[in-house]
Amino acid sequence: MGHLRAKTLVLVVVMVAASSVGDIFLKQGMDRIPVQLDAASLGSAFAQTVTSGQIWLGIACLLFSFVLYLMLLSWADYSYVMPVSSFGYAVVALLAVLVLGESVTVGRWAGVALICMGVGLVGRTEPRTTEAN
Amino acid sequence: MRLLIFLLVAVLASTAGEIAITHGMKKVGGPERLAPRAILAFLGRALGSGWFWLGTGLSALYFYSMLALLSWAPVSLIVPATALSYVVGAFGAKLLLRERVSPARWTGVALVCAGVALAWVA
């Protein structure tokens, strides 16, 4: 495995892990906050959101993941990073079952399996096909 | 009809936005090393790039088109339809960024697109 591909794949894994964990934090944080559609409860829901540690952890994870995304695109192809990042669907499905106790349908697992096959194929191609400037 | 137009806007805006950001990041160049100072300098260059803000604006357009779409139709219709972005994105990368999309990469992109669509329809 070339140096560029190794560096790219490691960063993709960290980026996907950060965004998936971020999503789970946001979900856990928002589950504790009752949201109703009238002015008074929206105000209090907003106050609870900006004071929730889990929400801020989620935002930090997602920001970190976005920085890694920008870094990846500075050397790797968009047509490489975009499909390979869809690996996140598999991680979120797994975390939803393991951490949140959600149930995932057979059809959804079949979709996740297709995604993983696609990620495997794209992951083996050359990460950068344009010349560096 | 309205649904179709907004779907088109959502897919094109998200693809164009990502392509603008990719072009901008290639132009500013990545961090020389994976060290905090080099990464901060890279972020400074990235935020100073017009392409980055064009891409961010287009992503905002995508976000609001998605909100509109989700208010009219169920998520199990909208998400599979926007999975088309994977294929449109590969075309855009080939045509605009001159990336070489090999047959293996096309096949992988098609599998991911089908997988995302299936995961949300099922």
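Helix axes here are lines fitted to C-alpha atoms over the stretch in contact, and angles run from 0 to 180 degrees between N-to-C directions. Keep that in mind for the first stop. The model is predicted.

**Stop 1: a helix pair across the chains**

Select α3 of chain A, residues 53-75, and then add α1(B). The two helices pack at an angle of about 70°, and their axes are 7 Å apart. Angles of 65 to 115 degrees count as roughly perpendicular, so α3(A) is roughly perpendicular to α1(B). The crossing of α3(A) and α1(B) is right-handed.

Now show side chains. On α3(A), pick Leu70(A), Leu73(A) and Ser74(A). They meet Ile21(B), Thr22(B), Met25(B), Lys26(B) and Val28(B) of α1(B). By class, this contact has five nonpolar residues, two polar and one charged.

**Stop 2: the whole side of chain B**

Widen the selection to everything in chain B that touches chain A. In all, 37 residues of chain B are in contact with 30 residues of chain A. Which elements of chain B give two or more residues to this side? They are α1 (2-28), α2 (36-47), α5 (85-96) and α6 (103-121). α6(B) gives the most, with twelve residues. Colour the side of chain B by class: 22 residues are nonpolar, eight polar and seven charged.

**Stop 3: α6 of chain A**

Move to chain A and select residues 106-123, helix α6. From first C-alpha to last, its 18 residues reach 25 Å, close to the 26 Å expected at 1.5 Å a residue. Next, highlight the buried residues of α6(A): Gly111(A), Val112(A), Leu114(A), Ile115(A), Gly118(A), Val119(A), Leu121(A) and Val122(A). What covers them? The cover includes α4 (78-85) and α5 (88-98) of chain A, together with α6 of chain B.

**Stop 4: α2 of chain A**

Select residues 39-50 of chain A, helix α2. Is this helix buried or in the open? The number of buried residues among its twelve is zero, so α2(A) lies largely in the open. Check its length too. The end C-alpha atoms of α2(A) are 17 Å apart, which agrees with the 16 Å that its residues should span at 1.5 Å each.

**Stop 5: Leu100(A)**

Finish in the loop between α5 and α6 of chain A, at Leu100(A). Leu100(A) is exposed: 12 other C-beta atoms lie within 10 Å, and a residue counts as exposed at 12 or fewer. Add Ile24(A) and Lys27(A). Leaving aside neighbours within four places in sequence, Leu100(A) is in contact with these two residues. Draw a distance from Leu100(A) to Ile24(A): the C-alpha atoms are 8.0 Å apart, although the residues are 76 apart in sequence.

Methods:
Residues are numbered from 1 along each chain as its sequence is written. Chains are lettered from A and ligands numbered from 1 in the order in which they are written. This is a predicted model: local features need pLDDT of at least 70, side-chain atom pairs count only at pLDDT 80 or more; totals for chains, interfaces and linings use all residues. Two residues are in contact if their C-beta atoms, placed from the backbone, lie within 7 Å. Helices (H or I, at least four residues) and strands (E, at least two) are DSSP runs, numbered from the N terminus. Ala, Val, Leu, Ile, Met, Phe, Trp, Tyr, Cys and Pro count as nonpolar, Asp, Glu, Lys and Arg as charged, and the others, Gly among them, as polar. Angles under 35 degrees count as roughly parallel, over 145 as roughly antiparallel, 65 to 115 as roughly perpendicular and the rest as oblique. A crossing is left-handed if the near helix is turned anticlockwise from the far one by less than a right angle, and right-handed if clockwise. The expected span of a helix is 1.5 Å times one less than its number of residues. A residue is buried if 20 or more other C-beta atoms lie within 10 Å of its own, exposed if 12 or fewer, and partly exposed in between; C-beta atoms are placed from the backbone.
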